[in-house]
Amino acid sequence: MNMEYENKVNMLEEENNKLKETIKELKEEIKNMKEIINETNRLMDEYNNFTKEEVNAYSDFVEGFIERKFIDPASRVYSREFFDKVFFLLLEKAFESGNNYGLLIIKIPELKDLNYNGEYHKGPEMEIGKILRSNVRLPLDLVMRYSKITFTIIIPDIDEEVLFKISDRLKYQLKNFTKSPETLEFYSFYLPKDLTSTEEILKFFD
């Protein structure tokens, strides 16, 4: 009788120990599940915030075109607002990817004292914009106005030889058009070969 009782007690203890182990494992699983749920919620929050930022950024970008903030009315090329949005981002991507980009910086000092008479006034700035646009592949290449006298062109996927041909053609056309051709400044860069950082590029702007 005692023997049978002891066996039952041992069996119960063994089952109890198994239950305790099972409970421990279940608690660990619940803990892991909570961590997974918390991490999932965190990632979802990050994704939602990121998506919201992306949507807002895209909305701002579209509004820039709708409100015509991204177009310089005098020359009909992209404005300084557009330049600030995309210029350095494009160049950083070019440096990171190792793709070849052409960069032209053109300064026309005589524009400094030119008074703009309204969007529909077809002055020299309009013709300068037309000259710049006619020498590139729109919309692939970007023609932008950085300041009153400074224009810049970004030309992706271009051979170095072709870049310098475009630069020479622009020099010839602008020198024939402007009143003071001797004051024109041209800077031509083949990226990333000629420059290694955006900080270097800033030196060539106003």
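How many of the seven residues of strand S1 are buried? Seven of the seven are, so S1 is largely enclosed by the rest of the structure. Keep in mind as you look around that this is a predicted model.

**The sheet**

Let's start with S1, which covers residues 101-107. Both of its faces are covered. On one side sit Tyr 101, Leu 103, Ile 105 and Lys 107, and on the other Gly 102, Leu 104 and Ile 106, all of them buried.

S1 belongs to an open sheet of four strands, and the order across the sheet is S2-S3-S1-S4, with antiparallel pairing. At the edges you'll find S2 (142-145) and S4 (185-191), each of which pairs on one side only. Going from one strand to the next, the twist averages 15°.

Now for the partners. S1 pairs with S3 over seven bridges, in the antiparallel sense, and seven bridges also join S1 to S4, again running antiparallel. S2 and S3 (residues 150-156) are joined by four bridges and run antiparallel too. If you'd like to find these pairs on screen, here is one example for each.

| Residue | Opposite residue | Strand of the opposite residue |
|---|---|---|
| Leu 142 | Ile 154 | S3 |
| Leu 103 | Ile 154 | S3 |
| Ile 105 | Tyr 187 | S4 |

Ile 154 is a handy spot to pause: Leu 142 stands opposite this residue, and Ile 154 is also the bridge partner of Leu 103.

**The helix across the sheet**

Next up is helix H4 (residues 160-177), which lies across S1, S3 and S4 and runs at about 165° to S4. H4 has 18 residues and reaches 26 Å from its first C-alpha to its last, close to the 26 Å expected at 1.5 Å a residue.

Which residues of H4 are buried? They are Leu 163, Ile 166, Ser 167, Leu 170 and Leu 174. Looking down the axis of H4, you'd see these buried residues fall within an arc of 100°, so they line one face of the helix. The spacing makes sense once you know a general rule: an α-helix has 3.6 residues a turn, so residues three or four places apart point the same way. The other side of H4 carries the exposed residues Glu 161, Lys 165, Tyr 172 and Asn 176.

What do the buried residues of H4 pack against? They meet S1, S3 and S4, plus helix H3 (124-134).

**Two serines**

For a close-up of helix and sheet, try two serines. Ser 167 is in helix H4, and Ser 188 is in strand S4. They are 21 residues apart along the chain, yet their C-alpha atoms are separated by 7.0 Å.

Is Ser 167 buried or exposed? Its relative accessibility is 4%, so Ser 167 counts as buried, the cut-off being under 20%. Leaving out neighbours within four places in sequence, Ser 167 is in contact with Leu 104, Phe 186 and Ser 188. With residues up to four places away again not counted, Ser 188 touches Leu 103, Leu 104, Leu 163, Phe 164, Ser 167 and Asp 194.

**A helix with a bend**

Helix H2 (residues 80-97) also has 18 residues, which should span 26 Å at 1.5 Å a residue; its end C-alpha atoms are 25 Å apart, which agrees. Even so, H2 bends by about 35° at Val 86. Val 86 is one of the buried residues of H2, along with Phe 82, Phe 83, Phe 87, Leu 91, Ala 94 and Phe 95. Just after H2 comes Gly 98, with a positive phi of about 80°.

**Odd spots in the loops**

Most residues other than glycine have a negative phi, and most peptide bonds are trans. A few places here go the other way.

Arg 76, in the loop between helix H1 (2-66) and H2, has a positive phi near 60°. With a relative accessible area of 33%, Arg 76 is partly exposed. Asp 157 isn't a glycine either, but its phi is positive at about 50°. You'll find Asp 157 in the loop between S3 and H4, and at a relative accessible area of 56% this residue is exposed.

Where is the cis peptide bond? It runs from Leu 138 to Pro 139, with omega near 0°. Pro 139 is in the loop between H3 and S2.

Conventions:
Residues numbered from 1 in each chain as written. Predicted model: local features only at pLDDT ≥ 70, side-chain atom pairs only at ≥ 80, totals over all residues. Heavy atoms only, no water. Pairing = 2+ DSSP bridges. Axes fitted to C-alpha atoms, helices over the stretch in contact; angles between N-to-C directions. Contact = heavy atoms within 4.5 Å. Expected span 1.5 Å × (residues − 1). Bend = angle between axes of the 7 residues up to and from the residue. Buried < 20%, exposed > 50% of the residue type's maximum accessible area, 1.4 Å probe, protein only. Arc of directions from axis to C-beta.
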